Amino acid sequence: MIMADTRWEDIFEKLQEHGIDVYSPGRKTGECTSPYVVVKDAGRVNSTEVSSSQDLYDLMCYVPKDNYSTLEPFVDRVETVMDELFPMLRPMHFRTASFYDDSVKAHMISTQYVNWKKNRRR
């Protein structure tokens, strides 16, 4: 596997490789007409006890408003694809409750992944 410059790009490219429509935040506009994922940098947690940090990534999975029953299977598919990036990216084993986003007329569940990395020396 060839790694991208960032773990965010690794996620983006892996989902695309499996035919999943994927976007960065703010790029997808209009009403949801088919399932897609928005990959978002969810911040960094620095450890005070070891010389590493955790970069967090949210995968926000959307399905059209009339396809709620496909939401959970779609999230399952995304998580199965993400298993291919293990151990570089690890699941946090947490899904948000489903949320209806009226601005895009879609149901959404978010799942989170973490990348542990060694801090740079200062």
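Which tyrosines form one aromatic cluster? Tyr23, Tyr36 and Tyr62 do. The views below start from the whole chain of this predicted model and end at that cluster.

**View 1. The chain contains two helices and six strands.**
The order along the sequence is α-β-β-β-α-β-β-β. The chain has 122 residues, and 40% of them count as buried. Among contacts with a separation of 6 or more, 59% join residues 24 or more positions apart. The exposed surface is about 7,700 Å², with 49% supplied by carbon and sulfur atoms.

**View 2. Helix H1 spans residues 7-17 and has six named buried positions: Arg7, Asp10, Ile11, Phe12, Lys14 and Leu15.**
Glycine 19 follows H1. The phi of glycine 19 is positive, near 75 degrees.

**View 3. The largest nonpolar core holds 22 residues.**
Ile11, Leu15, Val37, Leu59, Val78 and Met82 have the most contacts inside this core. H1, strand S2 (36-46), strand S3 (52-64), helix H2 (71-82) and strand S6 (106-118) each give two or more residues to the core. H2 gives the largest share, six residues.

**View 4. Leucine 59 touches residues from distant parts of the sequence, beyond four places away.**
Its partners include Ile11, Leu15, Val37 and Val38. Val78 and Met82 are also among them. So are Ile109, Ser110, Thr111 and Tyr113. Another core, of eight residues, lies apart from the largest one. Cys32, Met60, Ala106 and Met108 are among its members.

**View 5. Cysteines 32 and 61 are both buried.**
Cysteine 32 has a relative accessible area of 3%. For cysteine 61 the value is 0%. The structure holds zero disulfides.

**View 6. Tyrosine 23 and tyrosine 36 meet edge-to-face.**
This is one of three aromatic pairs in the structure. The ring centres are 5.6 Å apart, with 85 degrees between the planes. Tyrosine 23 lies in strand S1 (residues 22-23) and tyrosine 36 in strand S2, so the pair ties together parts 13 residues apart in sequence. Tyrosine 23 is partly exposed, at 25% relative accessible area. Tyrosine 36 is buried, at 3%.

**View 7. Tyrosine 36 and tyrosine 62 are stacked.**
Their ring centres lie 4.8 Å apart and their planes meet at 15 degrees; because stacked pairs have planes under 30 degrees apart, this pair qualifies. Tyrosine 36 in strand S2 and tyrosine 62 in strand S3 are 26 residues apart. Both tyrosines are buried.

**View 8. A lysine sits over the ring of tyrosine 36.**
The charged end of lysine 28 is 5.2 Å from the ring centre. Tyrosine 36 also belongs to the aromatic cluster with Tyr23 and Tyr62.

Technical notes. Residues are numbered from 1 along each chain as its sequence is written. This is a predicted model: local features need pLDDT of at least 70, side-chain atom pairs count only at pLDDT 80 or more; totals for chains, interfaces and linings use all residues. Side-chain values use heavy atoms; hydrogens and water are left out. Helices (H or I, at least four residues) and strands (E, at least two) are DSSP runs, numbered from the N terminus. Buried means under 20% relative accessible area, exposed over 50%, partly exposed in between (1.4 Å probe, protein chains only). Contact means heavy atoms within 4.5 Å. Accessible areas come from the Shrake-Rupley method with a 1.4 Å probe; for residues, only the protein chains shown count as cover. A disulfide is a pair of cysteine sulfur atoms within 2.5 Å. A nonpolar core is a set of buried Ala, Val, Leu, Ile, Met, Phe, Trp, Tyr and Cys residues joined through side-chain atoms within 4.5 Å. Rings of Phe, Tyr and Trp (its six-membered ring) pair if their centres lie within 6.5 Å; planes under 30 degrees apart count as stacked, over 60 as edge-to-face and the rest as tilted. A charge sits over a ring if NZ of Lys or CZ of Arg is within 6 Å of the ring centre and within 35 degrees of the ring normal.
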